[in-house]
Amino acid sequence: MLSPRAAKADVGRDWFWRAELFVVLALFAFVAIVIAIDIFVQPALSGPWLLLVGLVLALVPGLLWLLFFYLQDRIEPEPIGHVARLFVVGAALGGAFGLPVLNDALRVQEWLYRDSATMAIGSLLIGAIDSFVIYAAVRFFIFDSPEFDERTDGVVYGTAAGLGSATIANLHFILASGGAAFGPGEVYVAEVALAQAAFGGLLGYFLGRAKLEREPIWWLAAGFGLTVLLDAAFHLLRGQIETGTLVFGAAGRIPSLTGLFLAGGLAVLVTAVVSVLVNRDIQRTRQGGARPPAADAVLGDRQANRVVVAVFALLLLIGLIGWHTTTNAMVLFFREGVRGAYPASYTLSTADDALLDVADPLVSGTRFRVRAFAGQDLAVVATQLAGERGASAAFYRVTEQAAAMVAGRDALRQRFAMVETGAFVGVTPRVVEGIDYLLIDDDRVVVVSLIADADSAASEAAFEQFVQSLSLAE
Amino acid sequence: MPFKFAALLGLILACSVATVAAASPALAFTGQMLLLNGPAQQSACTTMKATSDAYWLETDDVGEVTDQVVESYPSGTTTIAAAFDYNCLPKGATIVTVFALDGEVVFSNKAPQKPASRAGIYSYTLSREDGAEIPAGEWEVAFFNNKTLLASGTITVGGDAAQGLSDAIVVKGTIVDAKTKQPIRNALVVLLNEGIDAETYLNDPQDSDVYTSATTDARGKFVLAEPVERTAEHTWIIAAKGYKPIVEDALVIGDGAEDPLDLAIAMTK
């Protein structure tokens, strides 16, 4: 006789797999309709309407899935309340933990595309945090419930949590962007929802088996790790295949669909694999081959949970070390009596008359330069700089001057702004702001400069760190 | 662009010799404004709007303007003429015309206008004070009503001399977020010199490797500082904070592209 915990473990729910595939197809159909409206009607949305329509469209994938689940619930009673609750919990955990950590604490988006190493580290962090949100929602909010008693329950609850997390991510995307373009916005929303639903379904399968069978302590952690890797691989692959577009002439209205097809394919594949695995498990249970949960299952669950949390913590630690290494690493230099360290993410330019010229040309456009001028008069060199910049820029002005200390020496710190020359019509002139430190070094004046966009406060912090690292050879 | 109101003309409201405000002392320019009114409008005029981009008109050997729109001026041209269509002239309208050569302002004129509730064409001709040839290069014009930009446009003077050797065109564009279509500010567009690929540049970014570049404004718009030859193979790098960089190695504009070439660039996160 089966234990009470596994009483319904051999119940098959083939309709569920059909429902999963139906929702994928329905979502594709909905996206196609939205794109068609975008192409043929060309709705000119702006302001609050753009935001409102974006918010409604962001809710569609999750609501579609829940609606279909509700309709099926009328045929074969299911705890729709629990499913809806997992959706909300997934959204709440995603909003309270996942998004703040990824966007605000780690600012993954800002450094993700620096190079292949940051892409890998960023994707791993995204995968770990996405997966942990789903895991935490299911493990801590439904796993111990008596309602979690069928093999498909893990998949159902995992999918609901994944869709909840995706929905909050999509709402955040819409709100942060002030709305989204009608067609491309919905493609993105559907892409995120399908991918998260797939990851939720996969992790849910492992959770279901951990609950209803006697599995080794590493089983759940293996499922978690696999989901993290799949999520990270999805982000890496999507990053490779979904690139921006450069079109000569007017842009077309058909958005890129590669990411959506990738996510849709992933959802179908995961659904198919998980359905095969669940049906195989059910057959095994019916034939008496499955191992029912042990008498001390609760204790085993706790230990397995600790292993998952430990794996998550380890992945997070690896990601954080990688993040710290890539974003805060410094490169030492020694040039003509000036020693210091500049950010490793900056690239060194060997041209020019500068002692050192490093730049972050593709991310912030920020440049640090160290130059030497003959003479011992700071005011004269400041005037020389003004003449040089005044000749090349449309406008140059020193906005602030004050005494400072650099490398143990008295220095002059000046803040400046200039308007770069460029095209005469068609664009707003670019305003560049910068800081100079001027200090006397024997018979020369060393000038350390920051040249950055007007609003890049982050560059200023990095520059001050760079200045603090400088020392002059005696 | 057809000279839409040519058949309705007949009334020249004002014709005045402009003041000269040459930025380059070596090249002194003089200008002449021509205002052509269209049919009367029913409603009173409150706001002046351009109903066309700025366009350029053919000039003959003696500097007279015709009604033929041109896409470039040949070498030896002594007069160029820019124009735009407008809806009406409200009270207090002052049209400021600014000409630039290769990005540097060389002439400006400020002309107060009498109010008129009818649409029309505002045209401005430019020539050298000494009657010499207009210098070859990329010319730009901007028409303002006081400080509000009404219309602007570009044209090549002397492009025929360079035809086949350096058929360069002005490249401008807009960079937006692919998902939201919102403009991306401070995005960077870099064209490397021929023969320099992206990897070489990114490993050791030298200013001397850059053929031309531009940064987008708050509307996501940019205009490359240098014209680009149609047949040249440049590596294009487009980057913005938080977005996947776009790298196109050995991209050729081709003979079929319009001048100026308008690019639509969409970046993804």
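A cavity here is a set of grid points where a 1.4 Å probe fits but cannot get out, and its lining residues have an atom within 4 Å of a point. Keep that in mind for these exercises on a predicted model.

**Exercise 1.** Find out how many cavities of 30 Å³ or more the whole structure holds, and what volume the largest one has.

*Solution.* Start with the search of the whole structure: five cavities of 30 Å³ or more turn up. Now pick out the largest cavity, and you get a volume of about 130 Å³.

**Exercise 2.** Work out what lines the largest cavity.

*Solution.* First, count the lining: 14 residues. Nearest the centre you'll meet A:V23, A:V24, A:W65, A:L194 and A:A197. Next, look at the helices of chain A: α1 (14-40), α2 (47-75), α6 (151-177), α7 (182-212) and α9 (258-286) each chip in at least two lining residues. Last, sort the lining by character: eleven residues are nonpolar, two are polar and one is charged.

**Exercise 3.** Now do the second largest cavity: give its space, then its lining.

*Solution.* The space comes to about 40 Å³. Around it sit A:V53, A:G54, A:L57, A:I174, A:A180, A:A181, A:F182, A:G185, A:E186 and A:V189. In chain A, α2 and α7 are the elements that give two or more residues to this lining. Of these, α7(A) provides the largest share, with four residues. To finish, sort by character: seven nonpolar, two polar and one charged. Gly counts as polar and Glu as charged, so A:G54 and A:G185 are the polar pair and A:E186 is the charged residue.

Terms used: Residues are numbered from 1 along each chain as its sequence is written. Chains are lettered from A and ligands numbered from 1 in the order in which they are written. This is a predicted model: local features need pLDDT of at least 70, side-chain atom pairs count only at pLDDT 80 or more; totals for chains, interfaces and linings use all residues. Side-chain values use heavy atoms; hydrogens and water are left out. On a 1 Å grid over the protein atoms alone, a cavity is a set of points where a 1.4 Å probe fits but cannot get out, and a pocket is an open set with protein on both sides within 12 Å along at least five of seven lines; lining residues have an atom within 4 Å of a point. Grid points are joined across faces, edges and corners, and a volume is the space filled by probe spheres set on the points.
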